[in-house]
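Dear colleague,

Please find the structure below, together with its sequence. I would ask you to look at it before reading my notes.

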Amino acid sequence: MGKENKEKRAPPARVVPTETKPEEASNTKIGDTPTTKGLVDDTVIKAFTDFGIPEDLRMSNLKLFLGFVAVSLALLAQFWPHPRTPMPFPQAKPLYIFCTVIYFTISGVLTLLATFYEKETIMFTRSCPKVKTPLRVNTRLPRFSADFHVSVCRKDNDKELISKTFALTEYFEEDGKFHPDFLLEDMAVFLKSLKLD
């Protein structure tokens, strides 16, 4: 068995910049689908905002608020009425039941939002001069796949306006180094084909 040539190489047909800013240098391990999808999703969102389509953060803010309430209830149950002298167990039982029920209710609401409303959506947009109607941006990266799919549809329905499948090999080197600039270039071309009435 001969030694394989493990020389690092850039994605095909692209010129790698000689100096990479620290915030642009991102790495992942081959086969680490969640990390790879996170890097790609962040770059897709940046492509939309760079193109002049603003992100609608209301859903993210709602989820953060609900999470804050759930954590606050856990702290309330742990330290009520005073952090140094919390209520002993038998007397605190109604408080524990109340906080637990509300906590799991909030967790259920967040799960339902993620499962049935957000689905594969990574970004909701606001209307703006470029796009008169709010949109939802969906991405899909099956486990161990070399391709990821980006689709754009109106926020109020699931009918795709545009979609495209991108090859990860165009943006990741063999050692897992990610080149977001390459994806931003291709996303800019993709977004120019977005036409709305």
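The notes below concern helix packing and aromatic rings.

This is a predicted model, in which local features need pLDDT of at least 70, side-chain atom pairs count only at pLDDT 80 or more, and totals for chains, interfaces and linings use all residues. Residues are numbered from 1 along each chain as its sequence is written, and side-chain values use heavy atoms, with hydrogens and water left out.

Helix 2 (residues 58-79) and helix 3 (residues 89-118) pack at about 160°, and their axes are 9 Å apart. Helices here are DSSP runs of H or I with at least four residues, numbered from the N terminus. Axes are lines fitted to C-alpha atoms over the stretch in contact, and angles run from 0 to 180 degrees between N-to-C directions. Helix 2 and helix 3 are therefore roughly antiparallel (angles over 145 degrees). Their contact (heavy atoms within 4.5 Å) includes Leu66 and Leu73 of helix 2 and Ile102 and Val109 of helix 3.

Helix 1 (residues 33-50) and helix 4 (residues 180-192) have axes that come within 9 Å and cross at roughly 50°. That makes helix 1 oblique to helix 4 (angles from 35 to 65 or from 115 to 145 degrees). Among the residues in contact are Val44 of helix 1 and Leu184 of helix 4.

Two rings have a charge over them (NZ of Lys or CZ of Arg within 6 Å of the ring centre and within 35 degrees of the ring normal). Lysine 130 lies 4.1 Å from the ring centre of phenylalanine 51, and arginine 136 lies 5.3 Å from that of tyrosine 117.

Yours sincerely

Terms used
Helix = DSSP H or I, 4+ residues; strand = E, 2+ residues; numbered from the N terminus.
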